[in-house]
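Reader: I have a model open and want the reasoning behind its labels. Please take me through one sheet.

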Amino acid sequence: MFDQLQVLKYYLYYRHFLHFSTRKKLMRWQAKKLRRHLSFVGKHTKIYQGMTSLKEYPLADKEFMMRHFNELNTVEVRRKEAEAFAIKAERDRNFQPKLHGVTVGLSSGTSGRRGIFLVSDRERLRWAGYILAKFLPGSIFHTYSIAFFMRADSNLYESLGSRRIQFHFFDIYQEMESHRDRLCQLQPDILVGQPSVLLQIAEDRKQGACELTPRVVISIAEVLERDQEERLKQAFGVSIIHQVYQCTEGFLAATCSKGTLHLNEDIVHIDREYLDERRFAPIVTDFERKAQPIIRYRLNDILIEKKRTCSCGSPCLALEKIEGREDDVFYFAGKNGKKQMVFPDFIRRCVLFGDTRDMNLKSDYRVVQNTDGSIVICGDWNRDEKKRIEQEFFQLAEDRDLILPKIVFHPCACELGRKMKRVERKRDEKESRKEKKNENT
């Protein structure tokens with residue numbers, strides 16, 4: 001009962017009380033929160049002892065967090081113990097137990113490096129209230145069923161549950177056929193999953209295998225492509241596909257009522273390291289997390305700022321999209337002899353512009369750059385369609401004075417339980433050895 005009252009308190013706070021009319025007011029409030037948080041962190045962590053201003057804190061990444069795990073967390077949890085605990089939960093597929101009263105989770109390792117996160121009960125309940133404030137289509141006192149397709153369950157997600165709000169976990173490591181009857185019987189009000197899973201459910205609906213009519217559809221974990229978004233809108237008859245940009249390092253962005261993705265600057269401070277005029281890598285400071293402080297954590301995601309302000313009126317920074325990871329920026333040889341970066345969006349456009357079929361009929365695809373620079377394009381296309389896609393790549397290279405690498409086509413196949421990455425660059429042995437060394441440090 002106490003947990004539910006706490007969730008309700010946070011829900012009401014974020015839904016009805018915490019609003020800012022201007023960005024200036026938001027930044028002033030955020031600065032106050034940061035000062036208080038850094039004062040706490042500077043007193044309670046060994047590695048940040050005595051640090052009171054943000055500029056004193058070192059830039060962090062996953063390797064830094066794992067190397068200093070014991071000195072950084074404030075709940076006296078040791079890395080080896082936490083890792084063993086999280087791995088056992090993954091293997092047993094039992095995510096209910098806590099370690100010393102703390103929720104422990106294992107990141108999926110999309111970046112190639114595994115991470116461990118710690119969340120206290122207070123942080124867990126605050127997160128639940130915030131999530132519900134963002135995504136419930138009506139009052140918290142109404143009844144909702146939520147179907148959540150994920151790699152792992154967690155005490156975090158169970159915090160959403162109550163007598164009125166029923167949370168139902170679906171394990172994506174199991175075949176979709178094993179979920180179909182349960183999902184059809186449940187008829188969830190809110191459907192949550194990664195785009196590749198949502199598209200499978202949408203296909204089932206199209207084939208008449210499962211008639212779902214969710215009020216809210218939320219995309220998580222993978223980059224949501226424009227064509228996927230349109231297919232899902234049409235399949236489920238909704239005007240907006242909501243997105244959650246969340247990772248081990250925090251809940252960083254969510255979709256507003258107008259369908260625009262905004263940074264959650266009411267719970268996180270984000271500095272921007274610009275890669276070009278609008279693309280940036282986020283540097284995250286979460287001023288609500290104390291069990292495992294996230295301070296000046298640089299993510300290797302590529303975010304694109306929206307050119308115009310959003311009509312919803314939120315002063316939080318609006319995003320055009322999440323483009324992908326820096327790791328997945330391709331490299332082409334330039335005609336000037338230097339390597340040139342090619343951002344994932346340019347790779348996607350080559351496929352989308354080359355495939356002239358109706359958007360709603362597009363097959364899934366992947367484009368992978370191998371360590372030797374060659375490109376493998378996986379998808380279901382005929383000979384003419386492949387020629388058009390190849391021509392788009394040729395045009396891209398011509399426009400930017402690049403030398404087009406070798407291109408080969410293969411059928412597309414998805415691995416069960418694995419995040420679908422449409423654009424991916426393979427790491428060479430040197431990069432892999434470095435990451436493995438960092439992971440084991």
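Reader: What makes I375 and I407 partners?
Author: I375 stands opposite I407 in β20. This is a predicted model, where local features need pLDDT of at least 70, side-chain atom pairs count only at pLDDT 80 or more, and totals for chains, interfaces and linings use all residues. Residues are numbered from 1 along each chain as its sequence is written, and side-chain values use heavy atoms, without hydrogens and water.

Reader: Why are β18 and β20 called paired?
Author: Pairing requires that DSSP finds at least two bridges between two strands. β18 (residues 375–378) and β20 have 4 bridges, in the parallel sense, so they pair. In β20, H410 is the bridge partner of C378.

Reader: What makes β17 and β18 a pair?
Author: They share 4 bridges, in the antiparallel sense. Q369 stands opposite I375 in β18. Their hairpin has 5 residues between the strands, and G373 there takes a positive phi near 95°.

Reader: Why are β20 and β21 edge strands?
Author: The open sheet runs β20-β18-β17-β21, with mixed pairing. β20 (407–410) and β21 (423–425) each have a single partner strand, so one side of each lacks a neighbour in the sheet.

Reader: How do you know that both faces of β18 are covered?
Author: Buried means under 20% relative accessible area (1.4 Å probe, protein chains only); exposed is over 50%, partly exposed in between. I375 and I377 on one side, and V376 and C378 on the other, are all buried. In a regular strand, side chains alternate between the two faces of the sheet.

Conventions:
Helix = DSSP H or I, 4+ residues; strand = E, 2+ residues; numbered from the N terminus.
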